[in-house]
Amino acid sequence: MTIHRTLLIFSAIGIAATANANSLISPGPQAKIARSSLAASPTYEWNKLRYRGGKNVEIWTMDGDDLNKVTFYGAIPVGQPIFREANKKNAPLPRVTANMLITDIPALLESTYRVQLNTSQMNIDSQEPTLVAGYKGIKFTYSFVRQDDEVQRKGEAVGAVVADRLYLVTYEAPAIHFFDKDVEKFRQLVTTLKI
Amino acid sequence: MAHRPLISLSVLTLLSSSPALAQTNSTTLPTYTPAYEPRTVDERGLWMEADEDERALRDSPLVIRDEALNKYVRGVLCRTVGEDRCRGIRIYILEVPAFNASMAPNGTMRVWSGLLLRVRNEAELGAILAHEFAHFELRHTLAAFKHQRTASDLFAWAGVIGGLTNTNVGLLQWSLVGSIFRFSREQEEQADLLSFKYMAASPYPASAEADVWQHIMAESDETAIGRKKKPRQHYIAGFFDTHPTPLNRATYLREAALRISHGGDSNSAAYYQATAKFRPLFLADQVKLNDFGGTEYILGQLASTNGWTGDLLFARGELYRARGNPRDLVSAAQFYGDAIKTGFSAPEARRGLGLSLLRNGQVTDGKAALTEYLLMKPDASDAKAISALVTN
């Protein structure tokens, strides 16, 4: 009886560990990304991180999130920040607001990064209109340096506000080598987005 | 049991090793040793680490390398602590939008851009730089390192001896932990005292450091109010605080300044002029920190020096537009308009005005302002996105 109970406990721990582990995203349709109506159909393998960073956030990477990562922000409602706030009392994050313009989307991302990730240097490098899953949105590029590692990173993103909910997908990687290495895979992924 | 008095004695010595801020009227500076070299194993180790950090710092993308700004900040330090003292110091101005400066044991001084935005004149900047220099001159990093090592040794030995003798040493261990933080606070007081002496010997008013802490408290209160919290200042530092509270510092520094009644010119106009080139960058960094109350206070302080200039009005417009309540958008449009009226020529004022109006439903006027922006800056990085807003 004792042996059975021990085995049961170890099995439960094993199952819990598996449930919490990073997982493989195989090529093909992926639904309910970031616990939302966001869907995509990658043609490459990605790794989905267990760490999410927020209720409606999902992170995919190829070589590790410091080297390349795609972050999905799915259906963030008005009044909510895009990340889970690390220090709500002393460093509250900006919120999604009603009647945001497309140019407010990169501004929201920049402000959020500056507060939560200490990106004391960040610049939105380009902004242009685009269709995100058929909805009017924005495509933008950016660059930033976090205080903790001082690596110069570049980013590219598409975002749209649909029915008062923000949908945003970003790709980030170090400016040296990694950004260019996988940016086309991100662009291909963006073409398959559905809301 | 025989060891207990010995431990207690050591702890008492440790806990009482630093004096409080001396209540003296003397403003005589200690003798300074230029080109000081580390003397002990501990000190050489700390310097080696600081040298390594400085090599990385020298190549950091966060360093602002503008020659004129660096020369100016160095000049303020030298006028405050004296030419002989400042000669060997390397100053690195970093684009970090928070109020801070620090100094490493090897003479590396880091100055954050948030400090340059907040101080209102040369005297206030000099006071903060002098405080950091005082830590360096008093070799506080070394003393803190040794104190922490001794305290942690005693902590461990107290645990061992307490276990062997079946004695509860929890209170003693807590006292040791507390002593580390108290030691840090006492070092801050010592640095305040020495920097006050530098100020007294400088052409700047000695009350400047007290002024800085008063403004930091006021900003902190405004930040709290802006976040719908109660503003609260404490006189007594908490158990884990590494610094005396701003209220405590403002009080004892003001008292010290009154005792010597040292006047001087703060050089507000020169400071405003010297930092003008970088103020738009510093303001832009601050505005994006989602701190409405604190940023409003900083803008108000800057305006109190030279009035509401175009760059301040523009930054205020950006702040209100970022918060984005309907009433904020009305105010933002007003501030952008006022900035344009003052002759503020940056095309971004038209951009902000247009976006504020557009978000508040004033479509025709908003599109007109955005069209002006595109005419003024056709190759803007967001030109395509703004064009889309105009044509939709």
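Mentor: Two residues count as in contact when their C-beta atoms, placed from the backbone, lie within 7 Å. Keep in mind that this model is predicted.

Trainee: How many residues of chain A are in contact with chain B?
Mentor: Apply that cut-off across the two chains. On the other side, chain B gives 23 residues. Chain A gives 26.

Trainee: Which element supplies the largest share of the side of chain A that touches chain B?
Mentor: Three elements of chain A give two or more residues: helix H2 (104-116), strand S7 (121-132) and strand S8 (135-145). The largest share is seven residues. These come from S7(A).

Trainee: How do the residues on that side of chain A divide?
Mentor: Five are charged and 10 are polar. The nonpolar ones number 11.

Trainee: Why is one side of S7 of chain A left without a neighbour in the sheet?
Mentor: The open sheet has eight strands, paired antiparallel, in the order S1-S4-S5-S6-S10-S9-S8-S7 (chain A). S7 stands at an edge, as does strand S1 (23-25), so each has a single partner strand. The order puts S7(A) beside S8(A).

Trainee: Which helix of chain B lies across S7 and S8 of chain A?
Mentor: Its direction is about 45 degrees to S7(A). It spans residues 383-391. It is helix H18 of chain B.

Trainee: Which residue stands opposite Ser143(A)?
Mentor: S8(A) pairs with strand S9 (residues 152-162) of chain A in the antiparallel sense, over eight bridges. The residue opposite Ser143(A) lies in S9(A). It is Lys154(A).

Definitions and conventions: Residues are numbered from 1 along each chain as its sequence is written. Chains are lettered from A and ligands numbered from 1 in the order in which they are written. This is a predicted model: local features need pLDDT of at least 70, side-chain atom pairs count only at pLDDT 80 or more; totals for chains, interfaces and linings use all residues. Helices (H or I, at least four residues) and strands (E, at least two) are DSSP runs, numbered from the N terminus. Ala, Val, Leu, Ile, Met, Phe, Trp, Tyr, Cys and Pro count as nonpolar, Asp, Glu, Lys and Arg as charged, and the others, Gly among them, as polar. Two strands pair if DSSP finds at least two bridges between them. Axes are lines fitted to C-alpha atoms, for helices over the stretch in contact, and angles run from 0 to 180 degrees between N-to-C directions.
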